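Trainee: I'd like a close look at a single part of this model, with the surroundings filled in as we go. Could you keep the terms simple for me?

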Amino acid sequence: MLAYIGRRLAIAIATVLAAVVISFLLVHATPGSPGAVVLGPSGTPAQIAAKNHELGWDRPLWIQFLDYLGHLVRGDLGVSLIDGRSIGADLAARLPVTASIAVLATLLSGVVGIVLGVTAAVRGGWLARIITVGSGIGLSLPAFWVGILFVLVLSLQLNLLPATGYIALSQDPLGWLGSILLPVLTLTVGGAAIIARTAAAGMREALGQEHIRTLRALGTPTWRIRYVHALRFTSVPVVSVLGIQFIGLFGGSVIIENLFALPGLGQASQAAVSAHDFPALIGVVIVATAVVVVTNLLLDLMVAALDPKVRTA
Amino acid sequence: MSVLPLDAADEVAPEPAAPTARRRGMPWFLRRPGGLLGAAWLVLIVVASFTAPLWRPYRVDDQDLAHRLALPSGAHLLGTDPLGRDLLSRVVTAGAEPLLASFVTVVVAFGIGLPLALIAAERGRRVERVLSRSTEVMLALPLVIILLAVIGVIGAQTYVVMAVLGVLISAAVYRIMLGVAQSVRQRLYIDAARVNGIGSLKVNLVHVLPSMATVAAVQAAQLFGIGLLINAGLAFLGFGPGEPQPSWGFMIQDASKHIYDDPWLLVPSGLALALTVVAANELADALAHRAAGERTVARRRPGRTPASPADGAPSASAVLEVRGLTVAVDGGPTLVSDVSFSLGAGRVLGLVGESGCGKTMTARSLLGLLPDGVSVSGGAILWRGRDLVGLSERELNAVRGQEIAMISQEPMVALDPMFSIAYQLTQPLRRFRGLSRTEARSTAVELLEQVGIVDPARVLKSFPHQLSGGMAQRVAIALALTGRPKLLIADEPTTALDVTVQAEILTLLRDLVREIDLSIVIVSHDLGVVADLCDDVAVMYAGEVVESGTAAAVLDEPAHPYTMALLRANPHVPEGAAVPVRLASIAGAVPPPGSWPSGCRFASRCRFARDECRKPFPALPAHGSGSVRCIRVDELQREQVTWDADAVGAELETGAGVPA
């Protein structure tokens with residue numbers, strides 16, 4: 001158990017470190033420079049060089065890297081090249097938006113997906129076929145397109161939910177839920193489809209196991225075999241896929257935020273990309289990776305709680 | 001968009017299955033409608049987009065400002081966009097870049113992931129561990145955000161960005177291909193190839209790679225779909241080809257601004273993208289299905305022919321009486337035919353025979369636990385005078401565990417790996433005996449002690465993976481006893497265990513028969529087990545009982561040539577007897593279900609077969625209450641024939657000096 005958690009923790013730290021190295025190298029290994037970004041097209045080469053010197057860009061790479069790491073461990077992500085804002089503070093304000101969408105979408109995908117997948121595996125017949133075909137299409141549809149369809153139907157036609165804007169949870173819990181429900185539903189279409197497939201395959205495999213026959217030979221009631229024993233067996237792969245899902249949904253919510261005009265990490269990264277705001281780019285990558293890694297650590301703990309082979313190892 | 005549905009490999013077995021007969025003459029993956037439609041759409045969209053400049057009705061930047069946001073018409077088959085540009089021309093032209101870019105992603109991902117997987121599978125633990133840890137890190141990175149960072153630095157260079165995606169996603173390819181490569185490498189012929197001095201590269205090229213082809217194709221098709229979605233997502237954010245060049249993603253972005261006045265705008269671009277991704281995934285599914293093997297069992301349960309009334313009333317002493325039992329695949333071949341035997345209270349019956357003789361099917365039909373698609377098609381199973389065949393699942397559940405229980409061949413997988421032994425034992429105890437939680441726990445301890453476990457408290461706290469095979473089989477027996485059954489069906493209960501443990505388990509079963517008046521039906525291919533434990537024996541061959549009677553009679557004076565052969569092929573030597581120089585063998589193999597002859601099913605392998613054996617004939621009474629199914633039984637007994645090894649040896653090695 002401890003060895004397992006230690007291993008997961010080491011991988012989590014390695015992942016964040018990898019994100020730092022990758023984004024840092026990416027920014028430094030290209031011809032562009034922050035001086036050019038700050039001064040814009042009107043800057044002369046001499047002015048740009050002077051600005052780069054001022055920002056410390058002309059120092060050896062490894063010194064800059066250590067310098068950055070030093071600031072990072074103190075929670076300092078630097079300032080924006082465009083408007084001089086603190087990147088850390090900016091991202092901290094945006095994180096709840098993206099995180100609430102990704103977390104809710106993951107949870108909803110899990111619930112809907114498990115119900116659909118288990119139904120398909122247990123019931124069989126035409127219902128299973130509909131779920132299989134439906135999930136095959138669901139996981140193929142582009143989320144931003146589905147989002148527009150939802151806006152068209154739920155906001156414009158039925159007038160049920162607001163199409164854009166964000167209300168903070170602390171400000172108005174119900175309004176908060178209403179403001180993120182459309183993006184959450186949008187991401188759930190694809191998410192639930194994947195979980196449904198995993199759950200259906202897992203459930204079919206579980207029901208074919210030898211120990212299920214042992215239970216049947218003991219006259220165990222069918223509901224107990226399905227929803228206690230087989231479902232528990234299925235839970236481990238489902239939770240593992242949920243972890244992968246969260247990584248995907250977190251990235252997906254970046255694109256969805258653009259559609260629903262939500263002030264989250266996605267908007268920040270899109271702005272940073274368009275403006276070539278290097279420190280902001282690195283900041284977004286690190287924060288996003290950290291969130292994903294922490295969530296996956298929590299799911300790893302859940303796997304450990306579910307799977308005795310992991311727990312007792 | 002965002003997803004890595006690369007999980008289909010779990011369902012994928014690399015071994016190719018027999019192709020279905022339908023739609024012959026087509027590549028196998030096109031025989032499913034989804035695969036066919038998917039492949040057709042992909043071909044259509046690829047050809048249409050790459051040839052678009054040759055045939056499209058308008059150039060992508062031709063503006064028809066008089067007809068902005070037009071619905072489909074003769075002039076514009078798919079309508080026009082906000083600038084009056086022809087949507088059909090733009091949608092087909094837009095396809096070329098994402099299709100090619102996603103292909104780049106797939107090529108890069110496989111170019112990196114596949115060789116690494118082959119290396120990791122070949123070089124062993126240490127290399128594999130380093131590579132696998134690195135890929136775990138890569139898989140935990142948020143893909144879209146890293147791609148955005150790449151665009152922020154180098155600009156929206158689609159092919160480079162999609163190649164970077166290929167690098168990142170190669171980790172997923174590596175993990176899946178590693179699994180396949182490892183399982184392929186474990187197969188014997190790879191070792192054989194290496195022993196024969198074939199070089200590592202050639203082993204990979206000739207033996208490993210072809211076995212991975214199907215799984216690789218599935219992954220490639222799925223990856224292609226993911227590539228399309230991510231590419232379109234980036235274009236949606238404005239990081240695609242710049243205006244006036246069209247892209248599906250940006251056309252959808254454009255449409256999102258006009259959902260108030262022209263929702264139609266969503267349809268052409270959205271459908272083109274969605275259909276292409278659906279097509280890629282359908283193709284992947286079709287490929288995966290072929291790999292998993294198509295199992296389409298015709299679900300047609302034939303009515304059961306009841307046991308003939310001439311069989312008479314059940315014999316007074318028998319608790320279990322099986323009459324004319326016939327088990328068949330629904331709409332397919334018969335697996336067990338006309339099997340009859342009976343079992344008295346407190347007695348042990350052995351079902352013996354080679355693999356594939358229908359022993360396990362017979363045993364499992366006693367509890368109504370036949371596999372899906374297999375059912376009892378005739379005969380009766382009388383348990384204390386009540387026919388179990390045709391009972392509903394609910395009625396059977398009242399019998400299972402409380403009257404008849406079962407233990408199986410593989411104790412390690414017979415227990416639920418997710419629950420503690422305590423839970424698995426107390427749960428049926430509470431249900432069967434109406435015990436409280438604490439009572440059930442103390443009863444569980446007693447049961448474990450009864451099956452010879454010296455440390456019940458520790459075992460109760462354990463999970464199945466923490467037990468040894470012998471220990472797990474004891475727990476499985478304790479589990480079978482929770483409902484105080486009168487009959488235990490034991491399907492090869494010792495086959496998977498070490499020899500010393502086998503003896504212990506047999507002793508335990510013998511004690512249980514004595515102590516709690518249990519009857520046992522034990523399935524075994526081991527005549528030693530039968531001689532050790534059984535009162536009665538039914539010898540099965542090719543789905544029927546060829547000889548039955550008391551164990552002493554059948555083993556001492558076998559009447560059927562098959563029984564004689566089995567006994568002579570058995571390495572157990574009775575005490576005081578001479579050790580044979582060589583064991584007898586039975587040439588040939590058991591004929592599979594569906595190809596049984598109408599006469600004696602053993603005739604093709606029998607040394608004493610004559611023409612008369614090819615005709616149908618009934619079983620004859622033998623060994624008192626038993627039977628034998630051999631038309632020449634009297635003749636053979638008169639001649640006192642035996643099934644000796646020497647006969648074969650003498651024929652083969654003429655004058656080789658085999659001592660008699």
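About how many Å² does chain B expose, and which atoms supply 57% of it? After that, please zoom in on helix H14 (residues 421-433) of chain B.

Mentor: Sure, but some ground rules come before the numbers. This is a predicted model, where local features need pLDDT of at least 70 and side-chain atom pairs count only at pLDDT 80 or more, while totals for chains, interfaces and linings use all residues. Residues are numbered from 1 along each chain as its sequence is written, chains are lettered from A and ligands numbered from 1 in the order in which they are written, and side-chain values use heavy atoms, with hydrogens and water left out.

Now your question. Chain B exposes about 28800 Å², and carbon and sulfur atoms supply 57% of that. Such accessible areas come from the Shrake-Rupley method with a 1.4 Å probe, and for residues only the protein chains shown count as cover. Of the 660 residues in chain B, 54% count as buried; buried means under 20% relative accessible area, exposed means over 50%, and partly exposed is in between (1.4 Å probe, protein chains only).

Chain B has 23 helices and 12 strands. Both are DSSP runs numbered from the N terminus: helices are H or I with at least four residues, strands are E with at least two. The domain assignment splits chain B into domain 1 (34-58 + 76-288), domain 2 (309-540) and domain 3 (554-654); these bounds come from an automatic or database domain assignment. Taken over C-alpha atoms, the centres of domain 1 and domain 2 of chain B are 52 Å apart.

Okay, H14(B). With 13 residues at 1.5 Å a residue, it should span 18 Å, and its end C-alpha atoms are indeed 18 Å apart. That expected span is 1.5 Å times one less than the number of residues. Many side chains here are tucked away: the buried residues of H14(B) include Ile421(B), Leu425(B), Pro428(B), Leu429(B) and Phe432(B). An α-helix has 3.6 residues a turn, so residues three or four places apart point the same way. Just after H14(B), Gly434(B) takes a positive phi of about 60°.

What covers those buried residues? Part of the cover is helix H15 (437-450), helix H16 (456-461) and helix H17 (469-480) of chain B, and helix H10 (222-260) of chain A joins in too.

Leu448(B) makes a handy way into that neighbourhood. It is found in helix H15 of chain B, and it counts as buried because its relative accessible area is 0%. Leaving aside neighbours within four places in sequence, Leu448(B) is in contact (heavy atoms within 4.5 Å) with residues including Leu425(B), Pro456(B), Leu460(B) and Val475(B). Leu448(B) and Val475(B) are 27 residues apart along the chain, yet their C-alpha atoms are separated by 6.8 Å. Across chain B, residues 24 or more positions apart account for 68% of the contacts with a separation of 6 or more.

Since chain A turned up in the cover, here is the interface. The contact takes 74 residues from chain A and 74 residues from chain B. About 6600 Å² is buried between the two chains, with carbon and sulfur atoms giving 71% of that area. In chain A, Phe144(A), Trp145(A) and Leu218(A) lose the most area to chain B, together 10% of what that side buries. Buried area is the accessible area (1.4 Å probe) that two parts lose on being put together, summed over both.

Follow H10 of chain A onward and you reach Ala261(A), in the loop between H10 and helix H11 (265-275). Phi of Ala261(A) is near 50°, a positive value in a residue other than glycine. At 41% relative accessibility, Ala261(A) counts as partly exposed.

Chain B has a residue to set beside Ala261(A). Glu492(B), in the loop between strand S7 (487-491) and helix H18 (499-516), has a positive phi of about 45° although it is not a glycine. With 8% relative accessibility, Glu492(B) counts as buried.
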